[in-house]
Amino acid sequence: LRKICGCPRRGWAKCSHAWHFSFMWKGAPYRFSLDKQLERHMDSRTAAATEAERIRIEIKEGRFGQVAPRESMTLRQLADTYLERYVDVERPATAQGFRYAMATICRTELPRPVGGAAPVGDWLLTDIVTDTVERFREVRRGQGVGPVGVNRNLGSWRALYNWALRVGYVDRSPFK
């Protein structure tokens, strides 16, 4: 666990740069930024070390990077799978644009039907229906995003669902 920045090591506690994870298991290296992997910033070394230990356990048990079962898969997990298995392989030129679009979609908070609000990326795929897409459109328009920007996000989301239908991760699309 370390930082890869120009800050001196003694200043890492106050440094705002990301913690980096490095682990070798059975000849396979695992090296990445914890902030990118966890999709949130780790402020302290203690919190980063706790997450790093959890990841090490998952790697040793063979659960790290595995796709979640369909019933418990979130939109963010599906998007990561789509990016890894389709976009990076078949459409590498558009991969960065898709990452930006999905980051926007996944962090947009929508009211849940059962009460409260949560980022769409944390919603289970079974909870996403046509009304969810309409609510997303309303919330993004309320944030001052124009119709072109909203439609581009929806286009990326729809492409994700079309792929998921084709490979069997979902049985229906909220866009139909």
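Colleague: Which residue in β3 is the bridge partner of Met-24?

Modeller: Pro-29 is the bridge partner of Met-24. This is a predicted model, in which local features need pLDDT of at least 70 and side-chain atom pairs count only at pLDDT 80 or more, while totals for chains, interfaces and linings use all residues. Residues are numbered from 1 along each chain as its sequence is written, and side-chain values use heavy atoms, with hydrogens and water left out.

Colleague: What makes β2 and β3 a pair?

Modeller: Strands are DSSP runs of E with at least two residues, numbered from the N terminus, and two of them pair if DSSP finds at least two bridges between them. Strand β2 (residues 19-25) is joined to β3 by 6 bridges, therefore they pair, and they run antiparallel. Phe-23 stands opposite Tyr-30 in β3.

Colleague: How do you know that β1 and β2 pair?

Modeller: There are 2 bridges between β1 and β2, so the pairing rule is met. Arg-2 has His-20 in β2 as its bridge partner.

Colleague: Why do β1 and β3 count as edges of the sheet?

Modeller: The open sheet has 3 strands in the order β1-β2-β3, with antiparallel pairing. β1 (2-3) and β3 (28-33) each have a single partner strand, so one side of each has no neighbour in the sheet.

Colleague: Which helix packs on the sheet?

Modeller: Helix α2 (residues 45-61) does, touching β2 and β3; a helix is a DSSP run of H or I with at least four residues, and contact means heavy atoms within 4.5 Å.

Colleague: How many disulfides are there, and how do you know that Cys-5 is in none?

Modeller: The count is 0. A disulfide needs two cysteine sulfur atoms within 2.5 Å. The nearest cysteine sulfur to that of Cys-5 belongs to Cys-15 and is 3.7 Å away, so the pair fails the rule.

Colleague: Why is Cys-106 called buried and Cys-5 not?

Modeller: Buried means under 20% relative accessible area, exposed over 50%, and partly exposed in between (1.4 Å probe, protein chains only). Cys-106 has 3%, so it is buried, whereas Cys-5 has 25% and therefore counts as partly exposed.

Colleague: What makes a set of residues a nonpolar core?

Modeller: The residues are buried Ala, Val, Leu, Ile, Met, Phe, Trp, Tyr or Cys, joined through side-chain atoms within 4.5 Å. The largest such core here has 32 residues, and Leu-75, Met-102 and Trp-157 are among those with the most contacts inside it. Helices α3 (75-90), α4 (95-107), α5 (130-142) and α6 (147-167) are the elements that give two or more residues to this core. A second, separate core of 13 residues includes Phe-21, Phe-23, Ala-48 and Ile-55.

Methods:
Axes are lines fitted to C-alpha atoms, for helices over the stretch in contact, and angles run from 0 to 180 degrees between N-to-C directions.
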